[in-house]
Each structure stands twice: as structure tokens, then as C-alpha cells.
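Visitor: Could you walk me through this structure, one question at a time?
Guide: Gladly, here it is.

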Amino acid sequence: MTRIDKRFSNGDGFYGWRDLRYLLFEYEYKKAEETGIEKLGWTPFTKVEKDKVTIEHILPQTPTKWYWKNQFRQYTDSEIKILSGTLGNMLPLSQSVNSALQNDSFADKKSSKSIGRRGYEDGSHSEIEVSRQADWDSQRILKRGIKLLKFIETRWDIKFKDEAQMLDLLHISFVNDDRANVPEIPETEFEEITTPPTDTTRVLSERHLLRMDFWANFVQYCRNNGRGEDIASRKPSYDDWYDVSVSSPNYHIFFQLVRKKILRLGIYVYRPEYFSNLESKKVEIESAFGCPLEWYTSREKSVAKRILYSEERDIHNVELYQQHFDWLINHFDKLKNALDAV
């Protein structure tokens with residue numbers, strides 16, 4: 001458990017586990033025994049040349065295509081990185097794949113019609129099993145991860161304490177959290193979301209357009225003032241939040257527009273033990289930040305926790321945009337420095 005924790009802290013997740021190939025080979029071998037057909041033997045798993053078995057992240061490590069952005073739109077960039085690195089998202093490919101194709105949509109990865117690769121449906125037993133899924137989402141990643149851990153139990157005669165321990169090992173218990181319903185990202189608008197397209201009023205409400213205008217101007221302001229790399233590293237969206245990754249693998253900082261009157265920033269903490277660690281340093285964090293924070297607004301059963309700081313402001317008054325942006329940047333710096341200090 002501790003070693004896997006470190007691998008997720010390093011950003012690799014299960015991909016950095018040296019015994020991953022052996023586990024996936026054993027799982028493939030079991031499928032071959034059941035069918036009487038060997039599709040992928042031991043030798044390709046140990047080859048060093050380019051035709052060796054490659055381990056693919058089904059959800060890519062850096063998803064840029066519309067399919068993945070839309071499919072995982074309810075998750076932050078940090079959570080998507082964790083989902084990409086968890087066990088259920090790892091798949092041995094029986095054919096080397098051009099790295100440019102690893103970002104293809106799930107439908108394209110499954111299909112043999114994709115240019116330059118053989119689809120999952122014509123690959124190993126593991127690939128075929130995955131290809132039977134209609135889509136690839138967080139619940140399917142979780143389900144496959146649990147399935148592989150249960151295979152480990154059977155194959156090596158060990159026993160996890162319970163499914164909660166399995167979830168801890170997989171590092172994606174947050175997929176069972178209650179999430180607000182996030183509208184789909186229109187594919188036609190995905191390529192360049194900087195300002196609202198002129199025809200979006202037919203499909204988007206006024207509040208979505210106001211949010212987009214706020215975040216588009218905020219991102220541009222940050223870039224003009226040398227904060228494009230750390231704060232404004234992602235595109236604006238129609239959401240009421242804007243996530244910012246920081247150096248910690250345990251949490252990220254976010255900005256939020258609450259209705260039209262509250263400007264907020266906060267810490268989104270992924271797991272209860274990480275929250276408890278920060279909570280134990282509550283006095284030091286608030287002292288360094290310079291203001292008290294709201295620590296206990298999250299639902300009791302929620303795995304992830306939020307720590308908030310809010311202020312009433314006339315958010316969508318364009319004449320006050322610069323004041324709002326300076327407030328966000330200033331408080332982001334103070335909060336990040338407070339967290340780094342402890």
C-alpha cells in the first residue's frame with residue numbers, strides 16, 4: 001500500500017509498478033486457459049525490441065481529444081491523472097502502437113478500422129474483454145480494477161481486508177462521490193473555447209455565458225501578467241469552477257463563482273487522511289494565510305473534502321473584473337504559500 005502511494009505521489013501510479021507486466025500476463029494466461037487459445041504468450045511480455053507488449057493507458061495520460069474531455073468532464077485534471085494511472089486503466093497491447101494514436105477515442109481504439117493500429121477487438125484476450133464495453137468511464141475503470149485485484153486474491157491465495165481496502169489501493173475512491181451534473185461539452189465547440197461562439201445562446205443559458213466571459217477574461221489577464229504557466233494553464237470553460245494544479249498530489253486549489261454574488265477559492269482534498277493531515281495544521285495554515293477558512297462544509301460521507309474561503313462580490317460587473325482577478329491571484333498565492341509552509 002505504501003509503495004503504491006509513493007508511485008501515485010510520483011505521478012506514475014500502477015504504470016510504475018515493476019510487476020505490472022507479470023500480473024497482466026497471468027491474467028491473460030488465465031483467459032487463454034479458459035478458451036484454449038493463446039493470443040499473447042510470455043515471450044512478448046519480456047522482449048526488449050519495439051514489438052514487445054506495450055502497456056497502454058486506455059484513458060490517456062494526457063487526454064486532449066473531445067471524447068476524453070467530455071467523458072471525464074466532472075473530474076479535475078489531477079483526478080484524471082490518477083484515473084489514468086490506476087490499475088483498471090492498464091491494458092497490455094499485442095501490437096506496438098504509435099504514441100500519437102494513444103489519445104484516440106475509445107471507439108477508435110476498439111475498432112480495427114483505425115489507421116495505423118489493430119483495434120482492441122482483434123487483440124489479446126484482455127483487449128477483447130475491454131472492447132466489449134460500450135464506453136470507457138470512471139466506473140468501468142473502477143470495476144476493472146476491482147476485478148484484477150480479485151484475480152490477485154484467487155491466483156496467489158491472498159485476501160484483501162475488504163473492498164474499501166481495494167479502493168484505497170486503486171486510489172480512485174472519489175469516483176463514488178456525489179457529483180453535480182455537468183453539461184456535456186459540445187463537440188463543435190471543443191477545438192477552441194476562448195470566448196462564447198455567437199450561436200451558443202440557443203443551447204446555453206445566460207449563466208453559462210457569463211461564466212465563460214469571466215474565465216476567458218481571467219485567463220487572458222493572468223497570461224498578460226506572467227501567470228499563464230501556473231494559474232492559467234488550462235482553457236476557460238462554462239463551468240462555475242476553475243481548477244489549478246499545485247505541487248501536491250493530495251489536493252488542488254480551485255476558484256469558483258457561486259451564483260452571482262460570491263467569489264471563492266478553496267482546496268479540494270482527495271482523501272480523508274489527506275484532509276486530516278491538513279486539519280492537524282489548521283492553526284498554522286490560517287495564520288500563514290491571514291484569514292480563517294471554512295473547513296467543514298463537505299458532506300459527511302464524501303471521500304473528498306473542500307476547504308473554502310469566500311467573499312461577497314459583484315462577480316459579473318465587467319468594470320470590476322480587474323479587482324476580482326487581482327483578488328483571486330493574491331489569495332491563491334497566499335493560500336499556496338501557506339500550504340507549502342506546512
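Below are some questions and answers about helices, the core, salt bridges and a hairpin.

Visitor: What kind of model is this, and how are residues numbered?
Guide: This is a predicted model, in which local features need pLDDT of at least 70 and side-chain atom pairs count only at pLDDT 80 or more, while totals for chains, interfaces and linings use all residues. Side-chain values use heavy atoms, with hydrogens and water left out, and residues are numbered from 1 along each chain as its sequence is written.

Visitor: Which residues of helix 9 are buried, and what arc do they cover?
Guide: Helices (H or I, at least four residues) and strands (E, at least two) are DSSP runs, numbered from the N terminus. Buried means under 20% relative accessible area, exposed over 50%, and partly exposed in between, with a 1.4 Å probe and protein chains only. In helix 9, residues 163–170, the buried ones are Met166, Leu167, Leu169 and Leu170. They sit on the same side of helix 9 because the arc around the axis, taken from the directions from the axis to the C-beta atoms, is only 160°.

Visitor: Which residue caps the N-terminal end of helix 9?
Guide: Look for a side-chain oxygen that lies 3.1 Å from the backbone nitrogen of Ala164. At the other side, helix 9 is followed by His171, whose phi is positive, near 70°. The N-terminal cap is Asp162.

Visitor: Which helix gives the largest share of the largest nonpolar core?
Guide: A nonpolar core is a set of buried Ala, Val, Leu, Ile, Met, Phe, Trp, Tyr and Cys residues joined through side-chain atoms within 4.5 Å. The largest one has 84 residues, and Trp136, Phe218 and Phe255 are among those with the most contacts inside it. Nine residues of this core, its largest share, come from helix 13 (residues 321–341).

Visitor: Leaving aside neighbours within four places in sequence, what is Phe218 in contact with?
Guide: Contact means heavy atoms within 4.5 Å. With those neighbours set aside, the partners of Phe218 are Ile231, Phe255, Phe325, Leu328 and Ile329.

Visitor: Asp5 forms a salt bridge with which residue?
Guide: A salt bridge is a side-chain nitrogen of Lys or Arg within 4 Å of a carboxyl oxygen of Asp or Glu. Here the closest N and O atoms are 3.9 Å apart, and the pair links parts of the chain 266 residues apart. Asp5 counts as partly exposed because its relative accessibility is 30%. The partner of Asp5 is Arg271.

Visitor: Are Glu56 and Lys109 buried or exposed?
Guide: Their side chains meet in a salt bridge, 3.8 Å from N to O. Glu56 lies in strand 1 (residues 54–57) and Lys109 in helix 6 (residues 106–110), so the pair ties together parts that are 53 residues apart in sequence. Both Glu56 and Lys109 are buried.

Visitor: How many residues lie between strand 3 and strand 4 in their hairpin?
Guide: Two strands pair if DSSP finds at least two bridges between them. Strand 3 (residues 241–244) and strand 4 (residues 251–258) pair in the antiparallel sense over four bridges, and Val244 has Ile253 as its bridge partner in strand 4. The number of residues between the two strands of the hairpin is six.

Definitions and conventions. Polar contact = N/O pair within 3.5 Å; in protein donor to acceptor, adjacent residues only side chain to side chain.
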